[in-house]
Amino acid sequence: MALPSPSSPAVDTDWRTRAGAVIPGGASTGSKRPDALVGPDWDGSPTHFVRATGCRVVTTGGAELVDCTMALGSVALGYAHEGVTRAVTEAIAHGNVAGLSHVLEVEVAERLCQVIPCAEQVRFLKSGAEGVAAAVRIARASTGRSLVIGAGYFGWLDWWSHAAGVPAGAHEDFRAVPFDDVEALAQAARAAGDRLAAILIEPVIERLPSPEWLAEARRQCDALGAVLILDEMKTGFRLRTGGFQEYAGVDTDLAVFGKALANGFPLSAVVGRERVMRAARSTWISSTLAGESAALAAARAVLDAHAASDVCATLWERGDAMRRAVERAIEASGVAGVHVRGIAPMWLLDLGDDRRLSRFVELALGERVLFKRGAYNFASLAHDATAIARMEAAARHALTALGREASRA
Ligand SMILES: Cc1ncc(COP(=O)(O)O)c(C=O)c1O
């Protein structure tokens, strides 16, 4: 079926209604559900796109939005990046899968070992959730233990989730601890003792962690013979090419990369020390399309971009400019209780309560800027001065309108 052209007068609600009828919740990615985009009081804001280039997205209704979410941080070079698109197109034209492994699987693994501090060996999968589950499996196989302590979000799979439909037994060997709480981590590790297989850390949750917390994680793993795993899904190819471990000088045993690794193409990588990674051979981790070459070609193009220039330095600069633009808008609006949190390459808006945040996102969408509700906005190379000026104007308009609405209420 043909998609509407951007100039067609298609009504966006058609797509929302159609999606809701055939896709439970309206979208297969949680953050893209209509009620997650703008909040439960959804009013007809856009939900579907037909084209995306740079940081701009053309909706089914024909509006061109500046996108601050960058597909949940999976795109850092920009949508439809020329080098990535060319590499992927070429890979597809040459047959992206066959009965043998593609040479790109080896080449990209070698290149990851050159740029990620802990990487001596690599296994590829498709989603981040799969990658983290595989890292946990490798750590368990390597230590012969099962208990995992974790701080962060690790995807939708059963081994750590408490969502409806997950049998209680599935996550009984997982202990969640709060981010950056040294004492809670030490206590959980003491309680685990020689049953501890791994400490799994998402290294940035709205802010950088303290060096003490990271040191405690390393110390407990060394003392108990457990494996330290960093989940670099959001931080890899963003804070530094080699992720948070390169940025903060963390000595980790394993790490998991995804998202920006392949600039929007489905690829995750479990990387780590050979002495731990070798356990991947003694268990069973395999997926039919894990070594599919289109996503690997995208990753090689991303690695080329990082080799050609300091992509991450630019992401910090652009993210900083985005944040400052929103901070200027907050000041100009005079609305109190609005803050920008996070770090430059991945930052969040805090409006104090959810309803206000939802209304802000809705009003900003009216000004053709998509801010993320309740999660990160991600910088990309495509956030140029024009896009950032539009963000500032949209944020100022939305906040000023919010202020007016509040004074009328
Ligand atoms: C830290 C972290 N780990 C794991 C995941 C899961 O990745 P995916 O959604 O690709 O399965 C995410 C996704 O947002 C993430 O942010």
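Biologist: Which residue stands opposite Ala52 in strand 2?

Modeller: Ala52 has Val57 opposite it in strand 2. Please bear in mind throughout that this is a predicted model. The pair belongs to a larger arrangement: strand 1 (residues 49-53) and strand 2 are joined in the antiparallel sense by four bridges.

Biologist: How many residues lie between strand 1 and strand 2 in their hairpin?

Modeller: Two residues lie between them, and Gly54, in the turn, has a positive phi of about 60°.

Biologist: To which strand is strand 2 joined by three bridges?

Modeller: Strand 2 (residues 56-59) is joined in this way to strand 3 (residues 64-67), and the two run antiparallel. One pairing to locate is that of Arg56, whose bridge partner in strand 3 is Val66. The hairpin of strand 2 and strand 3 has four residues between the strands, and Gly62 there takes a positive phi near 95°.

Biologist: Which residue of strand 13 is the bridge partner of Val66?

Modeller: In strand 13, Val66 has Val369 as its bridge partner. Strand 3 and strand 13 (residues 369-370) run parallel and are joined by two bridges.

Biologist: How should one read a strand within a sheet?

Modeller: As a general idea, the side chains of a regular strand alternate between the two faces of the sheet. In this structure, one open sheet is formed by seven strands in the order 4-10-9-8-7-5-6, with mixed pairing. Its edge strands are strand 4 (121-125) and strand 6 (174-176), each of which pairs on one side only. On average, neighbouring strands of this sheet are turned by 20° against each other, direction ignored.

Biologist: Do strand 8 and strand 9 run parallel or antiparallel?

Modeller: Strand 8 (residues 227-231) and strand 9 (residues 254-257) run parallel, joined by three bridges. Within this pair, Asp231 stands opposite Val256 in strand 9.

Biologist: Which strands does helix 7 touch where it packs on the sheet?

Modeller: Helix 7 (residues 182-192) touches strand 5 (147-151), strand 6 and strand 7 (196-201), and its direction makes about 175° with that of strand 5. Helix 8 (residues 211-224) also packs on the sheet, where it touches strand 7 and strand 8; the angle between its direction and that of strand 7 is about 165°.

Biologist: Why does strand 11 have one side without a neighbour in the sheet of order 11-12-14?

Modeller: That sheet is open, has three strands and pairs in the antiparallel sense. Strand 11 (339-343) and strand 14 (377-378) stand at its edges with a single partner strand each, so one side of each is left without a neighbour in the sheet. Strand 12 and strand 14 are joined by two bridges in the antiparallel sense, and Trp347 stands opposite Asn377 in strand 14.

Biologist: What do the buried residues of helix 13 pack against?

Modeller: They pack against strand 12 (346-350), strand 13 and helix 14 (385-408). Among the buried residues of helix 13 are Leu357, Phe360, Val361 and Leu365, but also Arg359 and Glu362. As for its length, helix 13 (residues 354-366) has 13 residues and reaches 19 Å from its first C-alpha to its last, close to the 18 Å expected at 1.5 Å a residue. After helix 13 comes Arg368, with a positive phi near 65°.

Biologist: Is Tyr79 buried or exposed?

Modeller: A residue counts as buried if 20 or more other C-beta atoms lie within 10 Å of its own. Tyr79 is buried because 22 other C-beta atoms lie within 10 Å. Tyr79 is placed in the loop between helix 3 (70-73) and helix 4 (82-93). Apart from its neighbours within four places in sequence, Tyr79 is in contact with Ala52, Thr53, Gly54 and Gly264.

Biologist: Which residues are closest to the ligand?

Modeller: The closest are Ser127, Gly128, Ala129, Gly155 and Met233, among 14 residues that surround the ligand. By class, this shell has six nonpolar, five polar and three charged residues. Its largest share, three residues, comes from helix 6 (residues 128-143).

Definitions and conventions: Residues are numbered from 1 along each chain as its sequence is written. This is a predicted model: local features need pLDDT of at least 70, side-chain atom pairs count only at pLDDT 80 or more; totals for chains, interfaces and linings use all residues. A residue is near a molecule or strand if its C-beta atom, placed from the backbone, lies within 6 Å of it. Ala, Val, Leu, Ile, Met, Phe, Trp, Tyr, Cys and Pro count as nonpolar, Asp, Glu, Lys and Arg as charged, and the others, Gly among them, as polar. Two strands pair if DSSP finds at least two bridges between them. Axes are lines fitted to C-alpha atoms, for helices over the stretch in contact, and angles run from 0 to 180 degrees between N-to-C directions. Two residues are in contact if their C-beta atoms, placed from the backbone, lie within 7 Å. The expected span of a helix is 1.5 Å times one less than its number of residues. A residue is buried if 20 or more other C-beta atoms lie within 10 Å of its own, exposed if 12 or fewer, and partly exposed in between; C-beta atoms are placed from the backbone.
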